[in-house]
Amino acid sequence: MNEDKVIPWWVGLFAFGLVLLILSLTAFVFRLSVLFLDADIVAAWTSSSEGLITQVLFMSAVFAGLSFSVPMLWRCSPIQWLKLSKVSLYLNVAAAVGVIGLGFLVDEIVYLLHSSNPVFFDPSGLDMFNQLFAKVSPVVFVILALTVTLGPGICEELFFRGLVLRSLCNSTSAVRAVAVSSILFGLV
């Protein structure tokens with residue numbers, strides 16, 4: 001595979017379109033499942049730790065899969081194209097601890113903001129996570145924490161900063177490429 005090959009800007013946008021299509025089809029299938037299954041069972045599974053882990057792993061696999069397969073289809077080495085390199089175990093552990101710690105900090109800040117202005121800061125999403133984490137075993141807690149914190153972060157970075165941003169940088173300025181990839185990230 002050619003490491004020096006350039007992936008055009010439209011390939012990154014096409015991959016983004018595929019992400020939207022896959023996630024939309026997945027949401028549609030979930031909606032259809034209520035027609036064939038008991039709605040309470042679907043709702044219980046969706047808000048369970050197993051359901052959350054499955055959903056996060058699926059979305060992470062979509063982002064990672066496209067991040068690696070699109071450069072391969074363009075006959076580029078994904079490792080070279082995404083500029084992946086080995087990172088020390090110490091740095092990985094430090095990043096994981098930092099992400100988890102930052103998550104707790106954000107949770108407390110949102111709680112304080114909600115206390116000061118309940119209309120603008122609705123922590124119901126964080127409350128759902130807190131309830132979910134509170135009722136699982138220690139092993140499931142670790143699996144859930146790693147899945148929710150590391151999976152999306154790594155896979156979304158591979159996709160948006162690796163595939164989309166790099167393909168956009170081939171045809172426009174870095175500032176415009178960062179702006180467009182950031183807007184696309186926000187849309188997802």
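This text goes through one long helix, the nonpolar cores and the aromatic pairs of a predicted model.

Local features are reported where pLDDT is at least 70, side-chain atom pairs count only at pLDDT 80 or more, and totals for chains, interfaces and linings use all residues. Residues are numbered from 1 along each chain as its sequence is written, and side-chain values use heavy atoms, without hydrogens or water.

Start with helix H7, residues 138-169. Helices here are DSSP runs of H or I with at least four residues, numbered from the N terminus. The expected span of a helix is 1.5 Å times one less than its number of residues. For the 32 residues of H7 this gives 46 Å, and the end C-alpha atoms are 44 Å apart, which agrees. H7 also has a kink of about 25°, centred on threonine 147; the bend is the angle between axes fitted to the seven residues ending at a residue and the seven starting there.

The largest nonpolar core has 24 residues, and among those that touch the most other members are Phe63, Phe159 and Phe160. A nonpolar core is a set of buried Ala, Val, Leu, Ile, Met, Phe, Trp, Tyr and Cys residues joined through side-chain atoms within 4.5 Å. Buried means under 20% relative accessible area, exposed over 50%, and partly exposed in between, with a 1.4 Å probe and protein chains only. Helices H1 (9-36), H3 (49-73), H7 and H8 (174-187) each give two or more residues to this core. H7 gives the largest share, 8 residues. A second, separate core of 7 residues includes Leu52 and Phe133.

The structure also holds 8 aromatic pairs. Rings of Phe, Tyr and Trp (its six-membered ring) pair if their centres lie within 6.5 Å; planes under 30 degrees apart count as stacked, over 60 as edge-to-face and the rest as tilted. Tryptophan 10 and tryptophan 74 are edge-to-face, with 5.6 Å between centres and 80° between planes. Tryptophan 10 lies in helix H1 and tryptophan 74 in the loop between H3 and helix H4 (78-81), so this pair ties together parts 64 residues apart in sequence. Tryptophan 10 is partly exposed, at 42% relative accessibility.

Phenylalanine 160 and phenylalanine 185 also form an edge-to-face pair, because their centres are 5.3 Å apart and their planes are at 85°. This pair links helix H7 with helix H8. Phenylalanine 160 is buried at 1%, whereas phenylalanine 185 is partly exposed at 37%. Both belong to one aromatic cluster with Phe16, Phe63 and Phe159.
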